[in-house]
Amino acid sequence: MTQIPFEQGLMLAGLLFALGLLGVMVRRNLLFILMSVEIMLNASALAFVVAGARWGQPEGQVMVLFIMATAAAEASVGLALILQVHRLLHTLDADEANRLRG
Amino acid sequence: MAHVLWLIPALPLVGFLFLAIFGRRLGENAAAAVAVSAVTGAFAVAVAETAHIVSGNLTGVQQTLWTWIRIGDFAPRWEFSLDHLSVCFVLVITGVGALIHLYATDYMHGDESYSRFFAYMNLFVASMLTVVLADDLLVLYLGWEGVGLCSYLLIGFWYKDPANGRAARKAFVVTRVGDAAMAVALFILATHFGTLRIPDLLQQVPHTWVVGQQIATLTAFMLLGGAIGKSAQVPLQVWLPDAMAGPTPVSALIHAATMVTAGVYLIARTHPIFEIAPTAMHAVAIVGVVTLLIAGFAALAQRDIKRVLAYSTISQIGYMFLALGVGAWSAAIFHFVTHAFFKALLFLASGSVILAMHHEQDMFEMGGLRKKLPVTFWTFLAGSLALAGFPLISAGFYSKDAILAGAAETNLWLWVGGLLGVGLTGLYTFRMVFITFFGEAKHEPHRLPSPAAKTALITLAVLSIIGGGLMLPDYMGGFAPLGHFLEPVLPTHEAGHAPMSEPVMALIASLVALSGIGLAWWLFGTRPAFLERLQSGAFARGLDRFMLGGLGFDTLYDFVFIRPFVGLGKLNHRDVIDGVYEGTAALTEMGNHEVARTQNGKLRWYLAATAGGAALLLGLAIWG
């Protein structure tokens, strides 16, 4: 089995994280923002796996399980909120939801 | 008997409180009854106390009420003391005060603030009695400020006219200058002696300080400052003529008979301090002479009858200061007593004239009132004779002679100044009499004095004529009950080297007074045409304006003090100190606006800012 180098694994995780962040920042649709957040979460999960493999520790994979559980919970809450926003504003544009403007 | 001493100031105070609380619900008669009986009651108590002192041959009675405040060793007490000096003042304040209250019941008839007037008058009497009865300088100072307050309230009594308010403020501010000086004197005495109790101070001062010591001179000058402010002497005399804006009984009681002589009382009371400060004593005499001459000249040109009387008051108090300055203490008190009689009388009589003339105060609008208002005329004449010092039959002649005799023994120039003042007094007094009561009648009088007013006028007229019997000069038998009475408190005047004998001086003074009166008769009684020709020149008109304005003191003060002050005020219209605080507030508000703009409600913007911040922190952690 070919070992994937540690650095490349981390770079991929960083790249995914940056992609997710960029997605959150540039997309206006709340649904896409939520998906981008999922990508960021998975990027960090990947970083944990890679790090766990590098040092031969099981905690990396444990953390991934936690992250998955959190992501599932977050997705359910996030989708529920998105539904409420759509019901309230009749749109999913995040910039329209600016009632808290100072 | 001493246990009722507190009643003397308390009765008018109760009258004030009663009128202040229930005044609105009382009718005119009830309010007048309360006020007059309060002052008359005080007079009765004062008479009883005086009888007690005289019959018991006592030097005075004292009553300690309670300790006012206690700060370490400094514990001023509410203590009243009636000695031979304060007896004179208390009797005049309550006696003349009661007559003026009686007169005012008629004068103020129909005024919408009838009870307010009497409330203030009673408060004034209570404060003034506190001044003269106080045994502690701090209590005296309280009364001193109290009379100042009442003076302010009563000058501005008809407050709907802004000019009256201005006059009241002027009086308050100008006397405050003197009061500040007096406060400094109190501070000096309190720090050096640890007490302000008058008997203790007067006993300690001559032993602690030596004659001519700087601190003694300073204290005496500061006390003199207070006296000058309250007694309207040069250079703080400018408030008194304007104080005539108040109702005429106020002018009679406060601005002629009592309050303005508080300065005389203060100096007489603290005379041991002045005796160890010869420079201050000379200053008192010089202030007196300068004042009596300046005010005499200013009185010559006035058109308003009350302003003539105001300047004559300033001038007569100048005589009292002259007497104090040359150490003729009892002469000063004698003149205070007679002056209270005849000046109160003149003011009340002029009040009757003013009422009869529909509140017209310009003498040149009156004329010919001799037949129309006989009682007023004859009483006014009695007062005028006393003011002018008409020989033998007026009280003013004897008191003024006593002062002039004292002055002549000290310094001939002081005597000459005083003598010139006698001539001026005769001239301006009878100018007023001839213009007001003689000549052709210009208007019909519309209101005659009531029986109450007549009672007050006639009583005061009798006192103005016979008051001289209180202290006759040696050449007339030397019957001087007042002089002997004052001996325990005030040292008798040491006979110096007079340049001539007393009868000769009295003769000269009489001739000067008579020639002043004669000149007035010649100018204003017989030859108005000649007078008009005399007054038509440009120089004469300018001089008239100058004297009408009180010899330019108001203009001078306006130029030296008021305008620079107002200018500074305008310059600093937007307060520099305020700018610091307002700037801070503006800066904070601006910061708030800027920061609030970041709260734009855009989720993606917040996130970008968070990511940027996180990147910055990471960068700092790695490379910083």
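**Chain B: a strand pair, a core and a buried serine**

Thr64(B) stands opposite Glu79(B), a residue of strand β2(B). Let me start from that pair and work outwards. One caution before I go on: this is a predicted model.

So, the strands. Thr64(B) faces β2(B), and the partner strand is β1, residues 60-67 of chain B. The two run antiparallel, and seven bridges join them. Now, is β2 enclosed or open? Six of its seven residues, in the stretch 77-83 of chain B, are buried, so the strand is largely enclosed by the rest of the structure.

Next, the chain as a whole. Chain B has 26 helices and two strands. Its C-alpha trace spans about 115 × 60 × 55 Å along the principal axes. There are 624 residues in the chain, and 55% of them are buried. Look at the contacts with a separation of 6 or more. In chain B, 80% of those come from residues 24 or more positions apart.

Now the surface. The accessible surface of chain B is about 26,400 Å². Carbon and sulfur atoms hold 68% of that. On charge, I count 35 positive side chains and 37 negative ones in chain B. The centres of these two sets are 10 Å apart.

On to the core. In soluble globular proteins, nonpolar side chains tend to be buried together. Here the largest nonpolar core has 212 residues. Which residues have the most contacts inside it? Those are Leu140(B) and Phe321(B). The helix that gives the most to this core is α15 of chain B, residues 329-356, with 20 residues. Another core lies apart from it, with nine residues. Among them are Leu21(A), Val24(A), Leu30(A) and Met40(A).

Stay with Phe321(B) for a moment. What does Phe321(B) touch, beyond four places in sequence? Its partners include Leu224(B), Ala227(B), Ile228(B) and Ser231(B). Gly263(B), Val264(B) and Ile267(B) are also among them. So are Val284(B), Ala285(B), Val287(B) and Gly288(B).

Last stop, Ser399(B). This serine lies in helix α17 of chain B, residues 395-410. Why do we call Ser399(B) buried? Because its relative accessible area is 0%, and the cut-off for buried is under 20%. Leaving aside neighbours within four places in sequence, Ser399(B) is in contact with Phe334(B), His335(B) and Thr338(B).

That takes us from the β1–β2 pair of chain B to a buried serine in α17, Ser399(B). Thanks, everyone.

Note on methods. Residues are numbered from 1 along each chain as its sequence is written. Chains are lettered from A and ligands numbered from 1 in the order in which they are written. This is a predicted model: local features need pLDDT of at least 70, side-chain atom pairs count only at pLDDT 80 or more; totals for chains, interfaces and linings use all residues. Side-chain values use heavy atoms; hydrogens and water are left out. Helices (H or I, at least four residues) and strands (E, at least two) are DSSP runs, numbered from the N terminus. Buried means under 20% relative accessible area, exposed over 50%, partly exposed in between (1.4 Å probe, protein chains only). Contact means heavy atoms within 4.5 Å. Accessible areas come from the Shrake-Rupley method with a 1.4 Å probe; for residues, only the protein chains shown count as cover. Lys and Arg count as positive and Asp and Glu as negative; His and the chain ends are not counted. The place of a charge is taken as NZ of Lys, CZ of Arg, CG of Asp or CD of Glu. A nonpolar core is a set of buried Ala, Val, Leu, Ile, Met, Phe, Trp, Tyr and Cys residues joined through side-chain atoms within 4.5 Å. Two strands pair if DSSP finds at least two bridges between them.
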